[in-house]
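This report describes one sheet and the helices around it, beginning with a helix that is looked at residue by residue. Please keep the sequence and the structure in view while reading.

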Amino acid sequence: MRAEPVTVQGLPAPGRCTVDPATIGAGDVLVLRALGLGDSLTAVAPLRGVRRMLPDHRIVLAAPEPLGSWLTELGVVDGVLPQSGLVPLPPVRGGHVAVNLHGRGPRSHELLLASGPERLVGFAAREAGHTGPAWRRDEHEVHRWCRLVSEAGGPCGPEDLLLRPHRPAPAGAPVLIHPGAASGSRRWPAPRWREVARALVADGHRVVVTGSPAESGLAAAVVDGVDGAEDRCGTLDLAGLAAAVGESAAVLSTDTGVAHVATALAVPSVVLFGPTPPAWWGPAVDPGLHTVLWRGDPSAPAWGDPHAAELDERLAAVTPDEVLAAARSQLAAASRT
């Protein structure tokens, strides 16, 4: 199933798209996904399924305001109820449909049930007194939520992740390197990124390094001594970052939100995985556009902690030569299109 087209020319900036909670009631769908950038983008596909399930309802996303507003501007949802994490929802009228895309419950279920919905769509959680499909641990994040919504009556699939079709990068488009991640276990060392950046510049490519203001030291270490590498860390808001990704020849990163932006915008990427297997969080569409590098054992009963402070051993095992080879392959393929 192909996603409905969404206009992303210019990739709109987050706007004032907040919804007054007192107006949420019958005729609305309240969807909980109060998580970060990557989580929000993996929810685009099931959110489109929710739209198909209840096409005449207003869809309100309970999520961090910048992310929810951005998805509203893109037409994925109709408004945002600012929410960060599992904190109580503000009072609403009730009688709406609630959809839990946040977790398996019981806490997330209980938050939504407290809002007085007419119906709750969520995975089975005996502690919350809710019946539904069984949660599966060993399942890709996108497939998991699409399964939930599809079984509820809203068909959707990984192809619904796309915010635009693939298109060739403009001439002279840079390679975007995003070295940061929320935890140390998913941060590949800066000297290795610098080695990759230096080699790509020597190949004749422009390199742009991005990150949050808190990652300025990391970005500075990556571009240090690399003439031709541009440090744009801390200069881009959400829409600006998405625009930079959309205008890139390729995106190189670890398993973090920017990788999901590249997937959504059909931009070639190389994604380095460590504590979490790509079978759970890797690109779920356009396999030819995205290369994943992972040194884990798919048959292992467990892997690392994605929230740990220390570099994961599987990520540490990925070499600059591997990343360069994958990046060069993606860039060469893109130049032939």
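## The start of helix 8

In this predicted model, a side-chain oxygen of D237 comes to within 3.3 Å of the backbone nitrogen of A239, a contact that lies at the start of helix 8.

## Burial and packing of helix 8

Helix 8, which spans residues 238-246, is mostly covered, with 8 of its 9 residues buried. The buried residues are L238, A239, L241, A242, A243, A244, V245 and G246.

These buried residues pack against helix 1 (37-42), helix 3 (65-73) and helix 9 (257-264), and also against two strands, strand 6 (175-178) and strand 9 (250-254).

## The sheet

The sheet is open and consists of 6 strands in the order 8-7-6-9-10-11, with parallel pairing. Strand 8 (229-231) and strand 11 (290-293) stand at its edges, and because each has a single partner strand, one side of each is left without a neighbour in the sheet. From one strand to the next, the twist averages 15 degrees.

Strand 11 runs parallel to strand 10 (residues 269-272), and 4 bridges join the two; V271 has V292 in strand 11 as its bridge partner.

## Helices packed on the sheet

Helix 7 (residues 216-223) packs on the sheet, where it touches strand 7 (207-209) and strand 8, and the direction of helix 7 makes about 165 degrees with that of strand 8.

Helix 9 also packs on the sheet, touching strand 6, strand 9, strand 10 and strand 11, and its direction makes about 150 degrees with that of strand 9. Helix 9, strand 6 and strand 9 are also among the elements against which the buried residues of helix 8 pack.

How values were computed. Residues numbered from 1 in each chain as written. Predicted model: local features only at pLDDT ≥ 70, side-chain atom pairs only at ≥ 80, totals over all residues. Heavy atoms only, no water. Buried < 20%, exposed > 50% of the residue type's maximum accessible area, 1.4 Å probe, protein only. Contact = heavy atoms within 4.5 Å. Polar contact = N/O pair within 3.5 Å; in protein donor to acceptor, adjacent residues only side chain to side chain. Pairing = 2+ DSSP bridges. Axes fitted to C-alpha atoms, helices over the stretch in contact; angles between N-to-C directions.
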